[in-house]
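Hi,

Here is the structure I promised to pass on to you. Have a look at it first, and then read my notes with it open on your screen.

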Amino acid sequence: MEIVIKIFLGILGVYTLIGILFGVFFLIKAPKIDPLMADTKKKVRFLLFPGVAATWPFLIGKLFNSKTA
Amino acid sequence: MGLNYQLVLWNNHKKTYDKLIVLGMLLYIILFAVVTLVFNSETSIETLVIRAFGSLAIIMLHIILVIGPLARLNSAFLPILYNRRHLGVSMFIAAFIHGGFSMFQFHALGDVNPIYSIFISNMDYGSLTDFPFQVLGFLALLILFVMASTSHDFFLGNLSAKTWKRLHMMVYAAYALIIAHVFLGAFQQETSPFTIGILVFGFILVSSLHLITAFKEGHIDTAKTEEKEGWLKVCDISEIEEDRAKIFTVEKERIAIFKYDGKLSAIHNVCKHQGGPLGEGKIIDGCITCPWHGYQYLPANGQSPPPFTEKVATYELKLDGKTVYINPKAFEEGTEVNPCKI
Ligand code: HEM
Ligand code: FES
């Protein structure tokens with residue numbers, strides 16, 4: 001059981017870490033994820049930060065799409 | 001609907017409701033503290049905080065779970081539905097205070113990581129009466145966090161409405177985890193009969209309301225439709241209230257037929273924002289107004305008034321005496337259709 005717990009929490013930890021890094025990237029370059037963010041007040045980015053960090057696997061694709069577009 | 005994002009979509013109504021939420025939460029905590037201290041003056045302040053916020057969170061969760069079905073049964077509940085998002089975020093904060101305090105109280109004083117400690121301080125995973133119930137609370141809190149943190153419209157667009165909806169349907173998983181958290185915890189703690197009472201009553205309420213609305217929805221689905229030269233008979237004009245709609249399922253699609261200003265118009269029932277039921281909304285200032293968050297559409301063409309760009313499909317209607325007929329073939333989203341004169 002202990003090993004299962006360690007793996008689960010390990011994955012959770014790595015996921016969170018990547019999420020936080022991605023979130024920091026978002027704070028700086030939000031319009032790269034969503035062009036509407038360019039005209040949006042900066043403080044909205046901080047409000048969105050936790051959610052961006054939590055759902056990074058769904059959002060990270062936008063980065064590559066916007067580059068090819 | 002906007003061209004940029006706002007910090008929070010506040011208007012005066014919402015501000016009033018938010019004040020009510022905060023006031024209600026404060027009142028509950030104070031009342032809980034007073035009642036607990038009167039009946040059990042030895043309760044420590046930490047235990048008091050943990051129990052007050054835990055029970056507050058679960059009560060709020062119940063309110064959130066019953067608003068949806070209640071608003072469908074009776075439109076008087078719609079204003080609370082509009083504010084469900086803020087209620088959800090407030091509920092998460094209450095749950096977070098409860099979980100955070102428990103973690104601090106029981107897991108932060110050792111030399112292992114407190115989260116790791118929640119999982120390993122009690123390894124009786126095979127037992128029912130001694131199950132590590134705090135683990136279930138932790139998992140529920142994770143789900144509630146994801147939901148609260150993605151409640152902003154930004155995520156609706158960027159995660160896609162489908163993913164967003166799926167994420168938010170996880171509220172039912174969180175609900176199940178929390179029920180298990182409290183019941184399994186009750187074997188080990190002196191959980192108050194009050195809390196258990198709320199849970200049992202709440203569970204019956206939540207499930208029966210969901211069943212009743214499911215039954216009502218099913219009823220819409222089977223609404224009679226008789227064919228006449230490609231047109232489907234839907235209803236008598238008198239069945240539709242002024243400035244309101246009736247919803248019908250025509251060839252597997254939900255369609256809302258609105259009556260206003262001596263005219264009839266039909267549009268696809270699904271709001272472009274989060275799939276709200278347009279046919280349960282009203283005509284306000286000449287626009288069909290979604291009951292969930294107020295997106296608006298013109299009845300004649302299914303388009304949101306400029307500068308907004310949302311469009312829904314429209315349908316053609318005709319009248320034969322007092323009977324309404326619909327052409328089941330949808331027009332392209334946003335197509336102008338002459339309203340049917342009554
Ligand atoms: C990290 C997450 C969590 C931890 C560590 C945790 C821990 C605890 C503990 C230690 C108790 C027993 C308190 C006592 O009676 O002395 C408890 C009870 C309870 N928890 Fe949690 N919990 C967590 C998450 C949640 C969540 C997310 C909810 C609901 C939204 C919740 C709702 C409750 C309720 C209703 C009780 C019963 C309170 C009572 O005895 O009246 N918990 N929890
Ligand atoms: S679903 Fe949000 S306004 Fe219609």
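Below is what I found in it, starting with the overall picture and then moving to the metal site and a few other spots.

One thing to keep in mind throughout: this is a predicted model.

**The overall picture**

Chain B has 342 residues, and 46% of them are buried. Its secondary structure adds up to 10 helices and 11 strands. If you draw a box around the C-alpha atoms of chain B along the principal axes, you get roughly 75 × 40 × 35 Å.

**The iron site**

Now go to ligand 1, which has an iron atom. Which residues coordinate that iron atom? They are B:His98 and B:His181, each through its NE2 atom, at 1.9 to 2.0 Å. B:His98 belongs to helix H4 (residues 84-107) of chain B, while B:His181 belongs to helix H9 (residues 171-188) of chain B, so the pair ties together parts that are 83 residues apart in sequence. B:His181 is also buried, because its relative accessible area is 14% and the cut-off for buried is under 20%.

What about the geometry? The iron atom has six donor atoms around it, and the angles they subtend run from 88 to 180 degrees, which makes the arrangement octahedral. For comparison, the ideal angles for six octahedral donors are 90 or 180 degrees.

**Around the ligand**

There are 23 residues around ligand 1, and B:Arg51, B:His98, B:Ser102, B:His181 and B:Thr195 come nearest. Here are some polar contacts you can look for:

- B:Arg51: an N or O atom in its side chain is 2.9 Å from an oxygen atom of ligand 1.
- B:His98: a polar atom in its side chain is 2.8 Å from a nitrogen atom of ligand 1.
- B:Thr195: an N or O atom in its side chain is 2.6 Å from an oxygen atom of ligand 1.

In chain B, the elements that each give two or more residues to this shell are helix H2 (45-73), H4, helix H6 (133-149) and H9. H2(B) gives the most, with six residues. By type, the shell divides into 10 nonpolar residues, 12 polar ones and one charged.

While you are in helix H2 of chain B, find B:Val66. B:Val66 has a relative accessible area of 9%, so it is buried. Its C-alpha atom is 9.7 Å from that of B:Ser208, although the two residues are 142 apart along the chain.

**A helix with two faces**

Helix H8 (residues 161-169) of chain B is a nice one to rotate. Its buried residues include B:Thr163, B:Trp164, B:Leu167 and B:His168. These cover an arc of only 130 degrees around the axis, so they sit on the same side of H8(B). On the face turned away from that buried side you will find B:Lys162 and B:Arg166, which are exposed.

**Two loops with a positive phi**

Last, look at two residues that are not glycine but still have a positive phi. B:Asp261 has a phi near 45 degrees, and B:Asp285 has one of about 50 degrees. Where do they lie in chain B? B:Asp261 is in the loop between strand S4 (253-260) and strand S5 (263-268), and B:Asp285 is in the loop between strand S6 (282-284) and strand S7 (287-289). B:Asp261 counts as exposed because its relative accessibility is 60%, and B:Asp285 is exposed too, with a relative accessible area of 74%.

Happy exploring!

Definitions and conventions:
Residues are numbered from 1 along each chain as its sequence is written. Chains are lettered from A and ligands numbered from 1 in the order in which they are written. This is a predicted model: local features need pLDDT of at least 70, side-chain atom pairs count only at pLDDT 80 or more; totals for chains, interfaces and linings use all residues. Side-chain values use heavy atoms; hydrogens and water are left out. Donors are N, O and S atoms within 2.8 Å of the metal (3.2 Å for Na, K and Ca); water is not among the atoms, so sites may look incomplete. Four donors count as tetrahedral if all angles lie between 85 and 135 degrees; four count as square planar and six as octahedral if opposite donors are over 155 degrees apart and all others between 65 and 115; anything else is irregular. Helices (H or I, at least four residues) and strands (E, at least two) are DSSP runs, numbered from the N terminus. Buried means under 20% relative accessible area, exposed over 50%, partly exposed in between (1.4 Å probe, protein chains only). A residue is near a molecule or strand if one of its heavy atoms lies within 4 Å of it. A polar contact is a pair of N or O atoms within 3.5 Å; within protein, one must be able to donate a hydrogen and the other to accept it, and residues adjacent in sequence count only if both atoms are side-chain atoms. Ala, Val, Leu, Ile, Met, Phe, Trp, Tyr, Cys and Pro count as nonpolar, Asp, Glu, Lys and Arg as charged, and the others, Gly among them, as polar. The arc is that of the directions from the helix axis to the C-beta atoms.
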